[in-house]
Amino acid sequence: MNTPSAVLTGTGLFKSYGMARALAGVDIVVTAGESLAVMGPSGSGKSTLLHCLAGIERPDSGEVLLDGERVDQLREPARSELRRTAFGFVFQSGQLLPELPADENVALPLMLGGMPRRAAVEQARQWFGPLGLQGLEARTPGQLSGGQAQRVAIARALVGKPKVIFADEPTGALDQATGMEVIHLLTDVSRRQGAALVLVTHDANVARWCDRTVEVRDGRLAGDQAAAQTGTDAKAGSRR
Ligand code: ADP
Ligand code: MG
């Protein structure tokens with residue numbers, strides 16, 4: 001299952017919230033450096049899958065491997081460190097600390113890792129040019145547009161040189177044109193950094209920018225070989 005180029009592997013993932021089953025047996029492999037779009041209707045389990053792969057939540061059963069090592073069984077302090085060092089996150093909106101200027105928001109993961117403030121901010125500022133944010137370093141999130149704030153969030157996700165970036169509906173709060181610009185930047189900088197990207201979206205125009213698409217239906221993957229093999233749902237199996 002764990003091919004040599006796999007960076008992240010989820011096997012047999014189940015997760016329920018009370019009586020609600022959010023994941024019903026997902027097998028998924030994220031290859032190093034690839035961008036993977038996770039599509040599917042609202043409530044199908046996309047965010048739960050992302051949370052389980054990223055160590056935000058623990059699956060009820062199944063395994064998550066990062067570079068071949070089990071990470072799902074780690075206790076919270078270790079998972080927290082993993083999220084800070086190996087992963088980057090971009091959410092829909094509201095993820096920046098409102099009282100901090102943009103450059104310090106980007107520097108935060110580095111400072112949390114023990115880097116002195118000055119060095120962290122200096123490193124953070126190097127991302128402002130490539131992301132089209134030059135001159136906005138001192139602005140607080142309230143002084144940024146939605147698209148600018150998402151680009152600051154992308155810089156923050158990238159600053160720690162993660163192996164995998166997780167983005168959950170990162171364009172959900174943006175207009176179409178701004179959203180596409182953000183996706184273009186996100187896929188481009190991830191690729192250039194060699195980071196894999198797991199991008200949850202229900203927008204096919206967004207998914208088009210990714211190398212590969214899988215679809216979640218009722219907590220299972222459709223349009224994915226593992227799902228087709230077990231015969232659970234071969235409906236969308238033609239899409240790679
Ligand atoms: P999606 O991201 O595809 O919209 P989610 O993964 O958020 O779907 O949710 C999958 C299912 O699990 C839904 O039925 C949702 O109501 C339920 N669910 C998700 N998170 C929770 C939670 N924290 N508590 C209870 N139910 C949840
Ligand atoms: Mg969701």
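## A walk from the ligand to three helices

Start by selecting ligand 1: around it sit Tyr17, Ala22, Pro41, Ser42, Gly43, Ser44, Gly45, Lys46, Ser47 and Thr48. Keep in mind as you click around that this is a predicted model.

Now show polar contacts. At glycine 45, look at the backbone: one of its N or O atoms lies 3.1 Å from an oxygen atom of ligand 1. Step along to lysine 46, where an N or O atom of the side chain is 2.8 Å from a ligand 1 oxygen. Then pick serine 47, which has a polar side-chain atom 2.9 Å from an oxygen atom of ligand 1.

Next stop, the helices. Select α3 (residues 102-112) and α5 (residues 146-158): their axes are 7 Å apart and the packing angle is about 30°. Angles under 35 degrees count as roughly parallel, so α3 and α5 are roughly parallel. Turn on side chains and you'll find Ala102, Asn105, Val106, Leu108 and Pro109 of α3 meeting Val152, Ala155 and Arg156 of α5. By class, that contact has six nonpolar residues, one polar and one charged. The crossing is right-handed.

Keep α5 on screen and add α6 (residues 176-193). The axes of α5 and α6 come within 10 Å, crossing at roughly 15°, and this pair is therefore roughly parallel too. Here the crossing is right-handed as well. On the α5 side, pick Gly147, Gln150, Arg151, Ile154 and Leu158; they meet Thr178, Glu181, Val182, Leu185, Leu186, Val189 and Gln193 of α6. Colour the contact by class and you get six nonpolar, four polar and two charged residues.

Note on methods. Residues numbered from 1 in each chain as written. Chains lettered and ligands numbered in written order. Predicted model: local features only at pLDDT ≥ 70, side-chain atom pairs only at ≥ 80, totals over all residues. Heavy atoms only, no water. Axes fitted to C-alpha atoms, helices over the stretch in contact; angles between N-to-C directions. Helix = DSSP H or I, 4+ residues; strand = E, 2+ residues; numbered from the N terminus. Parallel < 35°, antiparallel > 145°, perpendicular 65-115°, else oblique. Left-handed = near helix turned anticlockwise from the far one by under 90°. Contact = heavy atoms within 4.5 Å. Nonpolar A, V, L, I, M, F, W, Y, C, P; charged D, E, K, R; others polar. Near = heavy atom within 4 Å. Polar contact = N/O pair within 3.5 Å; in protein donor to acceptor, adjacent residues only side chain to side chain.
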